[in-house]
Amino acid sequence: MSTEAVSNLKPGDILDNQGLRDTFGCSPQGGMRRSHETNTLVIVSNHVVSIYDDRWIDDVLHYTGMGSTGDQSLEFAQNKTLTNSNDNGVAVHLFEVFVDREYTYIGQVHLSGEPYFESQNDIEGSLRNVCVFPLKITGDIKPTLPKAYVEQAFTTKLKQAYRLSDEELERRATSSKRKPGTRSTSSLQHERDPWVTAHAKRRAGGVCQLCKEPAPFMNRQGEPYLEVHHIVWLAKGGEDTPENTVALCPNCHRKMHIVNSKDDVEVLLGACKL
Ligand SMILES: [Zn+2]
Ligand SMILES: [Zn+2]
């Protein structure tokens, strides 16, 4: 481990826990990991298994400090290191976890404002005061994150939200940041054949091939509105061919992506053979 390994890291690099230890010489656990060997503080914003409500607002990460029960303190352990990090010479490096055990390197960060307090639930579900550190990426390079990762983080939060009490959900929803932040993401786009798409729509003749009802509305050109669906999803290696495409009403299309029942798939396979 050396400061060289640290400076070779690029935003978007993904490390496992061992890689994190090897690079920084930090402890193998915790959300804030101080290393004296590389004079760094590694901080982890975990979107998978964390009680902390970290969030990006514009280009500032509002990062929750250490301490899983009771009120947190700026004097406590690495909260203190982070509080003083603009003056103490400790380089702060941020990782985010979108997928269990995968640490995505975001970059070196610095405090962009005074730490402040807010109330969040502790591990037992009772409200307490936590320290929140506003952090900004120091360099110019921001990582481009896989779109699926960012969506995964949203889904994880959504699951937590469904479990909250009515009061707590109301409290969080009404104190939301109003203007959504943005993150730069990349996704793998399948290039689809326009002939196949047009063919599937024409073959359907304005009728959904699952529920057999006419399209629910006309588009601006006065054509029946249907959506083309791949019976074996492209993401799962399905082919972009007439044998694998059908035209569906938006309702049935959604149903196929949410439920994808065997019976419905059978119906669609049959419709393709006509
Ligand atoms: Zn339908
Ligand atoms: Zn589809």
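Here is a short tour of three stops: a zinc site, the nonpolar cores and a buried arginine.

Before you click, note that this is a predicted model, in which local features need pLDDT of at least 70, side-chain atom pairs count only at pLDDT 80 or more, and totals for chains, interfaces and linings use all residues. Residues are numbered from 1 along each chain as its sequence is written, chains are lettered from A and ligands numbered from 1 in the order written, and side-chain values use heavy atoms, with hydrogens and water left out.

**Stop 1: the zinc ion**

Select ligand 1, the zinc ion, and show Cys208, Cys211, Cys249 and Cys252: their SG atoms are its protein donors, at 2.3 to 2.4 Å. Donors here are N, O and S atoms within 2.8 Å of the metal (3.2 Å for Na, K and Ca), and with water not among the atoms, sites may look incomplete. The angles among the 4 donor atoms run from 102 to 116°, making the site tetrahedral (four donors, all angles between 85 and 135 degrees). For reference, the ideal angle for four tetrahedral donors is 109.5 degrees.

Along the chain, the donors of the zinc ion are spaced C-x2-C-x37-C-x2-C. Cys208 sits in the loop between α6 (194-204) and β12 (227-230), and Cys252 in helix α7 (residues 250-258), so this pair ties together parts 44 residues apart in sequence. Helices (H or I, at least four residues) and strands (E, at least two) are DSSP runs, numbered from the N terminus. Color by accessibility next: Cys208 is buried at 1% and Cys252 at 8%, where buried means under 20% relative accessible area, with a 1.4 Å probe and protein chains only.

**Stop 2: the cores**

Now pick Ile43, Tyr63, Leu82 and Leu135, which touch the most other members of the largest nonpolar core, a set of 21 residues. Strand β9 gives the most to this core, with 4 residues. A nonpolar core is a set of buried Ala, Val, Leu, Ile, Met, Phe, Trp, Tyr and Cys residues joined through side-chain atoms within 4.5 Å.

Zoom in on Leu135: beyond four places in sequence, its contacts (heavy atoms within 4.5 Å) include Ile43, Tyr63, Leu82 and Val109.

**Stop 3: Arg33**

Finally, jump to Arg33 in strand β2 (residues 32-35). Is Arg33 buried or exposed? Buried, at 4% relative accessibility. Its side chain reaches the backbone oxygen of Ser27 at 3.4 Å and the backbone oxygen of Pro28 at 3.5 Å.

Terms used: Buried means under 20% relative accessible area, exposed over 50%, partly exposed in between (1.4 Å probe, protein chains only). A polar contact is a pair of N or O atoms within 3.5 Å; within protein, one must be able to donate a hydrogen and the other to accept it, and residues adjacent in sequence count only if both atoms are side-chain atoms. Four donors count as tetrahedral if all angles lie between 85 and 135 degrees; four count as square planar and six as octahedral if opposite donors are over 155 degrees apart and all others between 65 and 115; anything else is irregular.
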